[in-house]
Amino acid sequence: MDGARPPLRHPPVFETPLTRLFGVTHPIFVGGMMYHSREEFVAACARAGCMAFMTAKSCSNADELRASLIRCIELAEGAPVGLNLSISRFRSNEILDAALKIAQELGITRFETAGSHPGDYIARIQGQGGIVIHKATQLRHAVKAAESGVDALIIVGIEAGGHPGTNPHPGHVILAQLLKEVDVPVALGGGIGTGGQVLGALAQGAAAALVVSRLLTASEIRVHENFRTRMVAAGVDDSLAVLSSLKDTWRVLRNATSEWVQRREREQGDTATHADFGEVLRGDYARTHAYLGGDMDRGMMSCSSAVGHANRVAPAGDILYQLMAETAEAWRALSDAARFDG
Ligand SMILES: Cc1cc2nc3c(=O)[nH]c(=O)nc-3n(C[C@H](O)[C@H](O)[C@H](O)COP(=O)(O)O)c2cc1C
């Protein structure tokens with residue numbers, strides 16, 4: 001970094017095909033987080049100029065979702081907010097149809113789909129003037145979604161928090177190939193926790209960085225204080241990917257539950273099924289005992305090594321501002337280092 005330069009007073013602006021398509025200021029997308037991506041958090045990211053998605057499945061019924069979306073739109077003060085539709089192969093998708101209808105009635109036009117091929121959600125969203133960004137974990141799934149007409153893609157690799165699919169590759173490896181095969185803009189996600197990494201994503205041709213686990217210390221997320229304290233303390237070695245034997249790989253916080261799951265998975269070998277792990281795989285188990293109850297050893301809590309860069313509790317806007325400032329500093333340092341001889 002060049003010490004002679006004055007510090008940045010405003011986050012820089014990197015305009016990309018994705019910032020233009022979604023009408024946001026910064027090329028940082030905040031993918032949906034089950035239970036955490038609620039109205040206060042999503043609106044805070046939106047006000048900071050980033051694209052964030054509320055998770056439809058975080059609400060227990062359609063009335064709760066409608067009220068949350070109305071509040072989210074209010075809190076966003078005119079900045080666009082989106083909705084995540086996670087289409088699970090293993091868990092219920094019941095609320096998704098109602099969720100899409102409610103969101104469209106409220107004027108929400110930006111949707112993140114994930115989990116499985118978005119199918120007829122593409123036409124239902126685009127038919128109402130909306131935009132679909134589909135999050136994929138495999139090259140072939142991303143290509144297929146682009147062929148089906150999604151407006152944009154997010155690619156995440158094995159390093160991503162949550163469900164990174166069955167592919168063994170880091171996201172940047174898939175991105176390099178994907179950019180040769182599709183014309184739509186692509187965001188890159190997985191393990192991104194610093195501005196240097198955001199710049200790295202843009203430099204590799206991504207039109208945005210997907211940043212999620214880095215925001216787990218955001219003060220707007222509705223969790224027990226023990227959770228935030230644990231996230232602040234977490235280092236880059238504190239995440240663990242388990243359940244690949246079930247083709248349901250899940251990157252979570254290393255704790256007593258995930259280590260038990262890892263041991264049990266090894267013992268069961270190829271014969272393991274979801275039922276072998278009982279209630280600990282249920283999202284509401286982590287919600288009750290860890291997110292709300294504060295017991296950091298009870299439950300599977302999605303997160304990646306990016307949380308290792310989160311060293312304080314802060315409003316989401318401050319974290320995103322810091323990331324954009326770091327991105328600009330990384331850009332300036334790289335520009336200073338560049339020489340074009342001859
Ligand atoms: C706590 C948490 C919950 C998540 N829940 C969902 C979800 O409900 N739907 C979804 O599409 N992705 C979910 N994800 C995945 C993220 O949207 C994103 O793809 C991933 O976290 C990016 O990697 P990173 O965590 O390394 O930034 C979740 C991630 C985390 C950390």
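In this tour, helices are DSSP runs of type H or I with at least four residues, and strands are DSSP runs of type E with at least two, both numbered from the N terminus. The model on display is a predicted one. Counted in this way, the protein has 12 helices and 10 strands.

**The whole chain**

Begin with the complete protein in view. Its C-alpha trace spans about 65 × 45 × 40 Å along the principal axes. The radius of gyration is 19 Å, which agrees with the value near 20 Å that a compact globule of 342 residues would have. Switch on a surface representation next. The accessible surface comes to about 14800 Å², and carbon and sulfur atoms hold 51% of that area. Of the 342 residues, 52% count as buried. Contacts also link parts of the chain that are separated in sequence: among contacts with a separation of 6 or more, 62% are between residues 24 or more positions apart.

**The barrel**

Return to a cartoon view and select the strands β1 to β8. They form a closed barrel of eight strands in the order β1-β2-β3-β4-β5-β6-β7-β8, and the pairing is parallel. From one strand to the next, the twist averages 25°. Strands of a sheet pair through backbone hydrogen bonds, in either a parallel or an antiparallel manner.

**Strand β2 and its neighbours**

Select residues 51–55, which make up strand β2. Is this strand enclosed by the rest of the structure or open, and why? Five of its five residues are buried, so β2 is largely enclosed by the rest of the structure. Display the side chains now. In a regular strand, side chains alternate between the two faces of the sheet. Here M51, F53 and T55 point one way, A52 and M54 point the other way, and all are buried.

Add residues 28–30, which form strand β1; two bridges join β1 to β2, and the two strands run parallel. To locate the pairing, select V30 and A52, for A52 in β2 is the bridge partner of V30. Then add helix α2, residues 39–47: together with β1 and β2, this helix makes a right-handed β-α-β unit.

On to strand β3, residues 82–86, which pairs with β2 in the parallel sense over three bridges. Select M54 and L83 to see one point of this pairing, where M54 stands opposite L83 in β3. Helix α3, residues 62–75, joins β2 and β3 in another β-α-β unit, and this unit is right-handed.

**From β3 to β4**

Keep β3 selected. Four of its five residues are buried, so β3 is largely enclosed by the rest of the structure. Next, select residues 110–114, strand β4. How many bridges pair β3 with β4? There are five bridges, and the two strands pair in the parallel sense. The chain passes from β3 to β4 through helix α4, residues 95–105, and this β-α-β crossover is right-handed.

Two residues of β3 show the register of the pairing. N84 has E112 of β4 as its bridge partner, while L83 has F111 of β4. Bring helix α3 back into view at this point. Helix α3 packs on the sheet and touches β2 and β3, and its direction makes about 160° with that of β2.

**A loop residue, Q138**

Now select Q138, in the loop between β5 (131–136) and α6 (139–147). Is this residue buried or exposed? Since buried means under 20% relative accessible area, Q138 counts as buried at 13%. Show the surrounding residues as sticks. Apart from its neighbours within four places in sequence, Q138 is in contact with I155, T166, N167 and I174.

**Two residues with positive phi**

The last stop is the loop between β9 (239–242) and β10 (250–253), where L243 is found. Most residues other than glycine have a negative phi. L243 is not a glycine, yet its phi is positive, at about 70°. With a relative accessibility of 0%, L243 counts as buried.

Finally, select K247, which is found in the loop between β9 and β10. K247 is likewise a residue other than glycine with a positive phi, near 55°. What is the relative accessible area of K247? The value is 55%, and K247 is therefore exposed, as exposed means over 50%.

Methods: Residues are numbered from 1 along each chain as its sequence is written. This is a predicted model: local features need pLDDT of at least 70, side-chain atom pairs count only at pLDDT 80 or more; totals for chains, interfaces and linings use all residues. Side-chain values use heavy atoms; hydrogens and water are left out. Buried means under 20% relative accessible area, exposed over 50%, partly exposed in between (1.4 Å probe, protein chains only). Two strands pair if DSSP finds at least two bridges between them. A crossover is right-handed if, with the strands pointing away from the viewer, the path from the first strand over the helix to the second runs clockwise. Axes are lines fitted to C-alpha atoms, for helices over the stretch in contact, and angles run from 0 to 180 degrees between N-to-C directions. Contact means heavy atoms within 4.5 Å. The radius of gyration is taken over C-alpha atoms; the globule rule is 2.2 Å times the number of residues to the power 0.38. Accessible areas come from the Shrake-Rupley method with a 1.4 Å probe; for residues, only the protein chains shown count as cover.
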